[in-house]
Amino acid sequence: MKNQVNLYFYRGKKLNFGDELNTWMWPKLIDGVWDQGNDSIFLGIGSIIFDFFPSEKRKVVFGAGYGGYTQLPVIDKNWKFYFVRGKLTAKALGIDEKLGIGDAAILLRSCVKHKVEKKHKVSFMPHWGSTSEGNWELACQYGSINYIDPCAPVEVVLEQILASELVITEAMHGAIVSDALRVPWIPIQPLSSIHSMKWFDWASALDIDLKPSQINSSSLLEAVVLFFHERNPKIADKFRRRGRFLLNVAPDALAQRATERLLAISKNDPPCLSSDTSIERSHDQMLSKLDELIRDMGRGSLNY
């Protein structure tokens, strides 16, 4: 294996906390190995095990998952698996289930050591897509709930999570990072069902019995997009592009309805937290894999 790799991750029109963790975390763990022009592709955090990577390039999988968005890749000698996000990914790829160690963001346990004063009894973090379609910041204001913007810089989101006593999250990495840093969390059923599989994939690695709660739409645009998403995705996309005026139709009433549901969830739904044994086991296994990776790259020692 060459001693430099091309760090691959998803980046859309908006920055997304889970994906941006790649640029924040990996340089803190391994110095001087990231080369965007290199022929080896490093797949760390995200549902980024795709079928469209060039077959001749070496793919180094270090905690990534399969999201079901594309066809499964053809696994050959140019794929190297250190570990994957969970058992569902391992099963889909036909590799050893023991490689389903967990989402690589669990390695934040080696990067985030400082204590943060608890300032927020309840925080809510939507999926990044919901920041465009919903009025979640307004809904949180009505309920005196701290709003965590999934599109904010990584450092800001980390501080907000650490400062919370409870995180209700539609964003999967809101849950993964909360769990890794030992902040209780409540999972929200993604408004788009395409995102569900990856949640259960990660949970399988930590023996979490995942039972997501459901929320109400916080805007008319969000409700319309959700209605058409499964029935006619093309119409849903048209509303995403051209229906922003719907955000201003009865915004207060719909936001307050969403607020009531969030408050009910915070009071009635049991918080989640993987066992100390499970999270420590996963983290320790990842550190061992990091040592193995660094030996393979001939780089000396890791920064943890």
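How much space lies in the largest pocket? In this predicted model, the largest pocket holds about 1,200 Å³ of space. Its lining is made up of 40 residues, and those closest to the centre are Y10, H127, W128, G129 and H195.

**The largest pocket**

Several helices give two or more residues to the lining of this pocket: helix 1 (17-29), helix 3 (130-133), helix 6 (172-180), helix 8 (220-231) and helix 9 (233-242). Helix 8 contributes the most, with 5 residues. Sorted by class, the lining of the largest pocket contains 15 nonpolar, 13 polar and 12 charged residues.

**The second largest pocket**

The second largest pocket has a volume of about 310 Å³. Its lining consists of R109, V112, K113, H114, K115, V116, K118, L162, A180, L181, R182 and V183. By class, the lining of the second largest pocket has 6 nonpolar, 1 polar and 5 charged residues.

**Helix 6 and the residues after it**

Helix 6 is among the elements that line the largest pocket, and A180, one of the residues buried in helix 6, also lines the second largest pocket. How is helix 6 placed with respect to the rest of the structure? Helix 6 is largely enclosed by the rest of the structure, because 9 of its 9 residues are buried. These are M172, H173, G174, A175, I176, V177, S178, D179 and A180.

Just after helix 6, R182 takes a positive phi of about 65°. R182 is one of the residues lining the second largest pocket, and it also forms a salt bridge with D276. At 23% relative accessibility, R182 counts as partly exposed.

**Salt bridges**

The structure holds 9 salt bridges. Three of them are set out below, with the distance between the closest N and O atoms.

| Acidic residue | Basic residue | Closest N and O atoms |
|---|---|---|
| E133 | R240 | 2.8 Å |
| D276 | R182 | 2.9 Å |
| E292 | K289 | 3.9 Å |

What does the salt bridge between E133 and R240 tie together? E133 lies in helix 3 and R240 in helix 9, so the pair connects parts that are 107 residues apart in sequence. Helix 3 and helix 9 are also among the elements that give two or more residues to the lining of the largest pocket. E133 counts as buried at 14% relative accessibility, whereas R240, at 29%, counts as partly exposed. The pair also belongs to a network of salt bridges that links E133, D237 and R240.

The salt bridge of D276 with R182 has 2.9 Å between the closest N and O atoms. This pair likewise links distant parts of the chain, 94 residues apart: D276 is in helix 11 (residues 276-297), and R182 is in the loop between helix 6 and strand 8 (185-187). D276 is partly exposed, with a relative accessible area of 46%.

The salt bridge between E292 and K289 lies within one element. Both residues are in helix 11, 3 residues apart, which is about one turn of the helix. E292 is partly exposed, with a relative accessible area of 24%.

**Cysteines**

How many disulfides does the structure hold? The number is 0. Why is C151 without a bond to C140? The closest cysteine sulfur to that of C151 is in C140, and the two are 14 Å apart, which is too far for a bond. C272 is in no disulfide either, as the nearest cysteine sulfur, again that of C140, is 19 Å away. C151 counts as buried at 19% relative accessibility, because buried means under 20%. C272 also counts as buried, at 14% relative accessibility.

**Strand 3 and its partners**

Is strand 3 (residues 58-62) largely enclosed or open? Strand 3 is largely enclosed by the rest of the structure, because 4 of its 5 residues are buried. Strand 2 (residues 40-43) runs parallel to strand 3 and is joined to it by 4 bridges. Strand 4 (residues 79-83) is also parallel to strand 3, with 4 bridges between them. V61 of strand 3 takes part in both pairings: L43 stands opposite V61, and F81 in strand 4 is the bridge partner of V61.

Conventions. Residues are numbered from 1 along each chain as its sequence is written. This is a predicted model: local features need pLDDT of at least 70, side-chain atom pairs count only at pLDDT 80 or more; totals for chains, interfaces and linings use all residues. Side-chain values use heavy atoms; hydrogens and water are left out. On a 1 Å grid over the protein atoms alone, a cavity is a set of points where a 1.4 Å probe fits but cannot get out, and a pocket is an open set with protein on both sides within 12 Å along at least five of seven lines; lining residues have an atom within 4 Å of a point. Grid points are joined across faces, edges and corners, and a volume is the space filled by probe spheres set on the points. Ala, Val, Leu, Ile, Met, Phe, Trp, Tyr, Cys and Pro count as nonpolar, Asp, Glu, Lys and Arg as charged, and the others, Gly among them, as polar. Buried means under 20% relative accessible area, exposed over 50%, partly exposed in between (1.4 Å probe, protein chains only). A disulfide is a pair of cysteine sulfur atoms within 2.5 Å. A salt bridge is a side-chain nitrogen of Lys or Arg within 4 Å of a carboxyl oxygen of Asp or Glu. Two strands pair if DSSP finds at least two bridges between them.
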